[in-house]
Amino acid sequence: MTSSRQLALHATLPERYVRFDLLASTIDHTGRLLALLVDPAQDGSSGLPWRRQGPWSPPIPRFDAMAVICDGDDVHEIPLHGLDQWFSEIDTLGEGVILGAPRITPADYVRAEQQSTSATEVALVRNVQSFDGDGNPLGAFYAGDGIEQLLTDPSGRIWISYFDEATYRFVDSDGTWSCSSGPGLARWDDLGSDPWFARNSTGTAVSWVDCCALNVGRSLVHACPYTDFPLVAIDACGVRSVTPNPVTGCHALAVSGSTFAFLDHHRRGDAVVWQIRRASRQGAEITETGRETLLLPGGRPPTRWARGRIGRDAKLWIHEDGNPRQWYRYEIEDGDAS
């Protein structure tokens, strides 16, 4: 049986930032709204360079931006100078922020694939960069091409999921380059660490073509990778469990103990439907227990796809496609437990 539930309005970017272009927006692990903003007045041309960017666009000119961290009425602004990449991922890291550029241009691939040059002598673009609360650079690293989501956890670990076109380049023992496709999900324990890849712990038992749903909680991370959508639970030591999942096609999830809420969105005729498929786990089995059609505050049905899709433990934050300035919240409540 399908019921309906109204989402809560969680946060809205303050009106005073309406004139700024928004490059990235998210909700961090404390529930604060983050945004990466650019003042369009700094560009004197007819078209802003950051508006023209696609995955294979040429390098952009350096520009200034501002990260804002909104905690209710308390807003902290962090000036960021000389950015040189198309950053569309943001999260908090300590008192500052971390940015991710999902795509890497072909020029960077060409440099990396020059077989006459030792791989250790070629610097891959560092498409993840971190800044402190005053905007000073803290560090940067190469994270591969095809980033889906970048999320940090309360311990400062950095989790990055990838979509199906993703690649990751690494150095072989003989000093040449190798390229791996489908990295799926990776974790960096800090800015200077080497990445840990979930697929190395799951082997051929799990396909990591695309990490469709990700939940980064306080102590556990859950992911549903494409193509079979198993529920993979991960802690600080590695993969904890892999559970077959009958709820396929999910795009996000919330987790509360053995209770799960999988987000799906699809078309029904001319309408766009956001739906939660509730499920529970008993032993090594997940069973779907019910469905909820999600409505926006006031009972309004959404008219666009669900975007953002930030899962952190029992909470899930979503915004309508085209409006990342306003976020809605779904939460697994006590009565949802099976």
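# A first look at this chain

Searching the whole structure turns up zero disulfides. C250 is in no disulfide, and its nearest cysteine sulfur, that of C224, sits 3.9 Å away. A disulfide here would need the two sulfur atoms within 2.5 Å, so C250 and C224 don't make the cut. As for cover, C250 counts as buried because its relative accessibility is 1%, and buried means under 20%. C179 has 45% relative accessibility, so it goes down as partly exposed. Keep in mind as you read on that this is a predicted model.

## The chain as a whole

What is the chain built from? It has two helices and 26 strands. There are 338 residues, and buried ones make up 52% of them. Take the contacts between residues at least 6 apart in sequence: 51% of these join residues at least 24 apart. On the outside, the chain exposes about 15,100 Å², with carbon and sulfur atoms supplying 46% of that area.

## Pockets and cavities

Now for the empty space. The largest pocket has a volume of about 540 Å³. It is lined by 24 residues, and S88, E89, R307, G308 and H319 are the closest to its centre. Which strand gives the most to this lining? That's strand 3, with five residues. Strand 3 (21-27) is one of the strands that each supply at least two residues, and the others are strand 7 (89-93), strand 11 (145-152), strand 16 (210-216) and strand 24 (306-312).

There are also two cavities of 30 Å³ or more. The largest cavity comes in at about 40 Å³. Its lining includes D153, R157 and W159, along with the run G217, R218, S219, L220 and V221, and then I234, D235 and A236.

Here is how the two linings break down by class:

| Space | Volume | Nonpolar residues | Polar residues | Charged residues |
|---|---|---|---|---|
| Largest pocket | about 540 Å³ | 11 | eight | five |
| Largest cavity | about 40 Å³ | five | two | four |

## Two residues with positive phi

F229 has a phi near 60°, a positive value in a residue other than glycine. You'll find F229 in the loop between strand 17 (221-226) and strand 18 (231-235). Is F229 buried or exposed? With a relative accessible area of 7%, F229 is buried, because anything under 20% counts as such.

D313 also has a positive phi while not being a glycine, this time near 55°. D313 is in a loop too, between strand 24 and strand 25 (315-320). Its relative accessibility is 29%, so D313 counts as partly exposed.

## A look around R278

One more spot to visit is R278, which is part of strand 22 (residues 271-282). R278 has a relative accessible area of 16%, so it is buried. How far apart are R278 and A261 in space? Their C-alpha atoms are 4.6 Å apart, though the two residues are 17 apart in sequence.

What else does R278 touch? Leaving aside neighbours within four places in sequence, R278 is in contact with S3, F260, Y330 and D336, plus the run T287, E288, T289, G290, R291 and E292.

Terms used:
Residues numbered from 1 in each chain as written. Predicted model: local features only at pLDDT ≥ 70, side-chain atom pairs only at ≥ 80, totals over all residues. Heavy atoms only, no water. Helix = DSSP H or I, 4+ residues; strand = E, 2+ residues; numbered from the N terminus. Buried < 20%, exposed > 50% of the residue type's maximum accessible area, 1.4 Å probe, protein only. Contact = heavy atoms within 4.5 Å. Areas by Shrake-Rupley, 256 points an atom, 1.4 Å probe, with all protein chains shown as cover. 1 Å grid on protein atoms, 1.4 Å probe; cavity = no way out; pocket = protein on both sides within 12 Å on 5 of 7 lines; lining within 4 Å. Points joined across faces, edges and corners; volume = space filled by probe spheres on them. Nonpolar A, V, L, I, M, F, W, Y, C, P; charged D, E, K, R; others polar.
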